[in-house]
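Please open the structure in your viewer and keep the selection panel at hand. The stops below take you through it one selection at a time.

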Amino acid sequence: MINAVGAPQSLLLLGGTSDIALAIARKYARSGLRVVVAARPSDRRTAAATELKGLDCDVTEVDLDARDHQSHVATIDQAFSGGDIDIAVIAFGLLGDPEQAWHDPDLALELAEVNYTAPVHLGVLLGQRMQAQAHGWIVALSSVAGERVRRSNFVYGSTKAGFDGFFMGLGEALRDYGVHVLVVRPGFVKSKMTSGLDEAPLAVTPDQVAEAVVDGVKSKRELVWVPGPLRVVMSGLRHVPRPLFRRLPL
Amino acid sequence: MSDTAVPAIKPSVPEEQPVIPQPLVELHGWGRASGTLSHLAHIDSVADAVSALRRSDDRGVVPRGLGRSYGDAAQNAGGTALDLTRMNRILSVDASSEPATVTVQAGVSLDLLMRALLPFGLWVPVLPGTRQVTVGGAIAADVHGKNHHTQGSFGNHVLSLELLMADGKVRTLTPDGDTKALFWATIGGMGLTGAILAATVAMQRTESAYFLVDTDRTADIDDLMARMSQEDENYTYSVAWFDAVTKGRHMGRAVLTRGNKAAVADLPVKLKRDPLRFVAPSLGTLPEIFPNRMINKATAKAFSTAWYFKAPKHRTGELQNITQFFHPLDMVAEWNRVYGPNGFLQYQFVVPFDEAEAFRRCLEMIVNSGHLSCLNVLKRFGAGNPSPLSFPMPGWTLTVDLPIEQGLDKLCDALDTEVVGAGGRVYLAKDSRLSASTFRKMYPRLDEFLAVRREVDPTGMFNSDLARRLELSNPTTGGAA
């Protein structure tokens, strides 16, 4: 349970090697914090676990393969085997090359599975667990790309649109059970996912996203934009007529 | 162990019928800071309690009284909380025995007990800062009062208790004999050995409901500690309110109030006519209108200064009634609302007498932290009792009320480190934030408690948010599951 001064006792990172997930874990790290790092077995996962152990956290590594749906049940079972999870972060995702993504059916399918199908499947499993424990937070890392899907990365954007809608709805469904869902809509995040890409305006660091997550949980928010002003920008863009929207350099 | 099978139980819900799920309700402690949703089961009888136990799932059950513990001890997210406040009958009184005894159901409040027994010249042996606690809660938290240095905590006065255990049986436990390990694990056991259903308590005798009180203002913390060390033994009751806002030379300036029960001969003629009259004025209920940050630099400073200077510099033999002397806060119902919706936490710790320097450092940390506390209590504890999880031990105990604000976690963690280093501990009935690892360091006899719990509740049927947080909930693995 998140204690009276806002410190969680346990953290589950689904996509535990993501820059944002690790930045969130660093913010919450304190002696004895239980962290379950769920990701594919890799050196990066080992490195993530080692870093968190160095911060005096009590770390468990669990296998997570987003595309192997059969394995999700075991992943969640293992994640909860050490007790309640106070905050579960869904941080895995795949960007892909946007032009290749709508020409290559395999890549399109992979994006849909990793960014939408797997989060929905894991979200339902997490929801069941959290409903039973009647407390906890699911932090779902969405994206502004899903707010109004743009031509320039519409395959990725469409998966995030579905993701966002699912977790907003899950938050409503779980409200009466004491479970909170925080949907996070960052803009361009300077991370390994976007390395090599041109930086967009209002770009943020994983650390800023983590800061927004910690604040959002503390003040019991349902939705946060990172940075905050993106909310204004996007609510403007949402209403731009399509012929004009098409011409915008987005 | 003397097994007492539950006599002729008629479960209120026949087992073959589908159970209608109880709605989830938000339960929180007096600090209002970390509420969660539990299924609240109203218990009217032993049979109800047994049936609620049978219906519970792997989230378990926790007994709950009047909800005066400050943290998460009497809530159980996703599980069941047994509301025992309807079990509020005084079963028998024996005023002729020595000591006089009373047997009550666990939901009887100390307020009710006092009102009922004062007319017979019987006095509740230990009174915490409020009368609005149940006997069951007083035992489970092993509460203490202003007389700890002379008369110990509540558990010291319990002669026997009835415990509903995880196996559905009710056992009678006594402080000596076969059941003593379970008896003492239940004292201060935070409801994790079972649900206390009834208890027999040794009462004290009194001629009056008044106290002869000496009040002194002390210049600073050193003056205060010196006076308490030298003079406390002359008084049955002793406590100090101190200023935790003023820094520098006057840090820890305090109002020390100490007293003894008044005899009839001490009373003025007017009060002699009815020496056992219980005066409990009520100023009403605080409405839910206070914003966060009501306690700010200006209000805290003003309150602390006023509180200090309103007390006489030195006055002896003042006659005070129960509410004045023990429970000024009981005059205002729901006073915790003053802290606003974010709530507050109470940090109470004890360090041994020879660690007065660590104690001083803790006080300095609080005063210099920028976190503001108005209700600050300093007390000297006497000897502890055999309970493995009981809080009191010989030493200095300090209590501060801190509104939940940014950075409070850091202050509390730093205080924990100092307290652990001094071989001290914090009080579980107040706690809402301690980590499992720090808790282990503070309670070196935890393994004794867990051994008893493993025996009587191997699957962790009695469970609570506090138990999960402190990793007491699965006695077999010692884990948080």
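What follows is a tour of a predicted model, going from whole chains to domains, sheet, core and contacts.

**The two chains**

Begin by selecting chain B, in which there are 14 helices and 21 strands. Its radius of gyration is 22 Å, close to the 23 Å that the globule rule gives for 481 residues, so chain B is as compact as a globular protein of that length. Turned along its principal axes, the C-alpha atoms of chain B fill a box of roughly 70 × 55 × 45 Å, and buried residues account for 51% of the 481 residues. Of the contacts in chain B between residues at least 6 apart in sequence, 74% join residues at least 24 apart.

Switch next to chain A, which has nine helices and seven strands. With a radius of gyration of 17 Å, close to the 18 Å given by the globule rule for 250 residues, chain A is likewise as compact as a globular protein of its length. The C-alpha trace of chain A spans about 55 × 35 × 30 Å along its principal axes, and 47% of its 250 residues are buried.

**The domains of chain B**

Return to chain B and colour residues 90-206 as domain 1 and residues 210-434 as domain 2, following the domain assignment. The centres of these two domains, taken over C-alpha atoms, are 24 Å apart, and their contact takes 30 residues from domain 1 and 27 residues from domain 2. On the side of domain 1 that touches domain 2, select α2 (110-117), α4 (148-151) and α5 (180-186) of chain B, each of which supplies at least two residues; the largest share, three residues, comes from α4(B). By class, this side of domain 1 has 10 nonpolar, 16 polar and four charged residues.

**The eight-stranded sheet**

Now display the strands of chain B in the order β16-β12-β14-β13-β19-β20-β18-β21, where eight strands form an open sheet with antiparallel pairing. At its edges stand β16 (314-321) and β21 (425-426), each with a single partner strand, so one side of each is left without a neighbour in the sheet. Within the sheet, look at β18 (residues 344-352) and β20 (residues 395-403) of chain B, which run antiparallel and are joined by nine bridges; here B:F349 stands opposite B:L398 in β20(B).

**The nonpolar cores**

Which residues touch the most other members of the largest nonpolar core? Select B:I139 and B:A199, which do so among its 133 residues. Strand β11 (residues 195-205) of chain B gives the largest share of this core, seven residues. Domain 1 and domain 2 of chain B both give residues to the core, so it lies between them. Around B:I139, and leaving aside its neighbours within four places in sequence, show its contacts, including B:F154, B:V158, B:L161, B:I196 and B:A199. Apart from this core lies another, of 70 residues, among them A:Y28, A:A38, A:V62 and A:I138.

**Where the chains meet**

Finally, show both chains together and select their contact, which takes 26 residues from chain B and 18 residues from chain A. On the side of chain B that touches chain A, highlight β3 (36-42), α11 (408-421), α12 (436-442) and α14 (465-469), the elements of chain B that give two or more residues to it. Coloured by class, the residues on this side of chain B divide into 11 nonpolar, nine polar and six charged.

Key:
Residues numbered from 1 in each chain as written. Chains lettered and ligands numbered in written order. Predicted model: local features only at pLDDT ≥ 70, side-chain atom pairs only at ≥ 80, totals over all residues. Domains from an automatic or database assignment. Contact = placed C-beta atoms within 7 Å. Helix = DSSP H or I, 4+ residues; strand = E, 2+ residues; numbered from the N terminus. Nonpolar A, V, L, I, M, F, W, Y, C, P; charged D, E, K, R; others polar. Rg over C-alpha atoms; globule rule 2.2 N^0.38 Å. Buried ≥ 20, exposed ≤ 12 C-beta atoms within 10 Å, placed from the backbone. Core = buried A, V, L, I, M, F, W, Y, C linked by C-beta atoms within 7 Å. Pairing = 2+ DSSP bridges.
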